[in-house]
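Trainee: Got a minute to go through this one with me?
Mentor: Sure. Put it on the screen.

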Amino acid sequence: MARAAIDTMAEKVISILQNPAVEQAGLQRGQEIIAAQLNSERYMNSLLELACKYMQTGRIGSFESAEQGQANLHPTRTVLFVTPTWILSGVNSVIEILVNHLNNSGWDAKALITAPHLDTSGFTPNCAHEYLGNYGDRSNNGRANYFLKYLETHASAIVVMAFDHITSSVSSLIPSKYGLVGMLQSDEDIYYETAYRLGRYWTRLVAVTDTIQGTITEMNPGFTDKTTTLPNSCVPLGQIPFPRLSKTSDEIRIVYTGRLGTGQKNTPFFLPLARELY
């Protein structure tokens, strides 16, 4: 690939990143891809089997004895997926699919959006959802405390902590009648720090890759028995068709399936990568 062609590619990528219409279309396409590749039934059966184990084993908070924890256990069909805001996000796309599948299977599931505003992202969840509300104290502490008050309106629930690191900070204050599932959705320091600090209060930890599971259990071996890997895509590797290039071809293909963006994803770095490979 000539240098001029790579520079042209760079300009096109930049224009895509700056085009909200393309971003919206990418969100819709991303949801379609995830829906096609995610074996929802298998994933949810595994996830709920892990979460519901708290009915037998209990989850002991810092303020409860084992006997108190066992006494507070209640079966539940309510599942809350906690997310800070409904931005363009692979995690939110997975939450949307799981909420719809759960509700179609007779559960009472919803996405709980906790940011202190109704919506500023321009995207609306295509699933059952609820906003925590426009509470008076808009600080992080106010948001976390209001989340605790919200939980009091449910007799019991399975609460799935995705990437809302503010509300998850009060995990130690949540009574054990609620099952807490911490989802490690990325190989990033903030996920490891949150899980390391709060994992003792969670019923289960769910990692999306074996690498993430291995890292968090190496950091705290006490999490080993309650940490499981559940990939977001459950399609067996052998069933994914990979186009093969001729061995004599000098063409290099870079296939990227994530969100286009500079934050976290660092998409523009694929361009210097292409130059190095060339």
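Mentor: We'll take the sheet, then the salt bridges, keeping in mind that this is a predicted model.

Trainee: In what order do the strands of the sheet run?
Mentor: The order is β3-β2-β1-β4-β5-β6-β7. That makes seven strands in an open sheet, with parallel pairing.

Trainee: Which strands stand at the edges?
Mentor: β3 (129-131) and β7 (227-229). Each has a single partner strand, so one side of each is left without a neighbour in the sheet. From one strand to the next, the twist averages 25°.

Trainee: How many bridges pair β1 and β2?
Mentor: Six, in the parallel sense, between residues 78-83 of β1 and 108-113 of β2. Val79 stands opposite Ala109 in β2.

Trainee: Switching topic. How many salt bridges are there in the whole structure?
Mentor: Three. One of them joins Lys110 and Glu130, 2.8 Å from N to O. That pair links strand β2 to strand β3, 20 residues apart.

Trainee: Is Lys110 buried or exposed?
Mentor: Buried, because its relative accessibility is 19% and the cut-off is under 20%. Glu130, at 28%, counts as partly exposed.

Trainee: What does Arg143 pair with?
Mentor: Asp164, with the closest N and O atoms 3.5 Å apart. Arg143 lies in helix α7, and Asp164 in the loop between β4 and β5. Arg143 is buried at 8%, and Asp164 is buried at 2%.

Trainee: And where do Arg197 and Glu193 lie?
Mentor: Both lie in helix α8, four residues apart, about one turn of the helix. Their closest N and O atoms are 2.7 Å apart. Arg197 is partly exposed at 36%, and Glu193 is partly exposed at 37%.

Methods:
Residues are numbered from 1 along each chain as its sequence is written. This is a predicted model: local features need pLDDT of at least 70, side-chain atom pairs count only at pLDDT 80 or more; totals for chains, interfaces and linings use all residues. Side-chain values use heavy atoms; hydrogens and water are left out. Two strands pair if DSSP finds at least two bridges between them. Helices (H or I, at least four residues) and strands (E, at least two) are DSSP runs, numbered from the N terminus. Axes are lines fitted to C-alpha atoms, for helices over the stretch in contact, and angles run from 0 to 180 degrees between N-to-C directions. A salt bridge is a side-chain nitrogen of Lys or Arg within 4 Å of a carboxyl oxygen of Asp or Glu. Buried means under 20% relative accessible area, exposed over 50%, partly exposed in between (1.4 Å probe, protein chains only).
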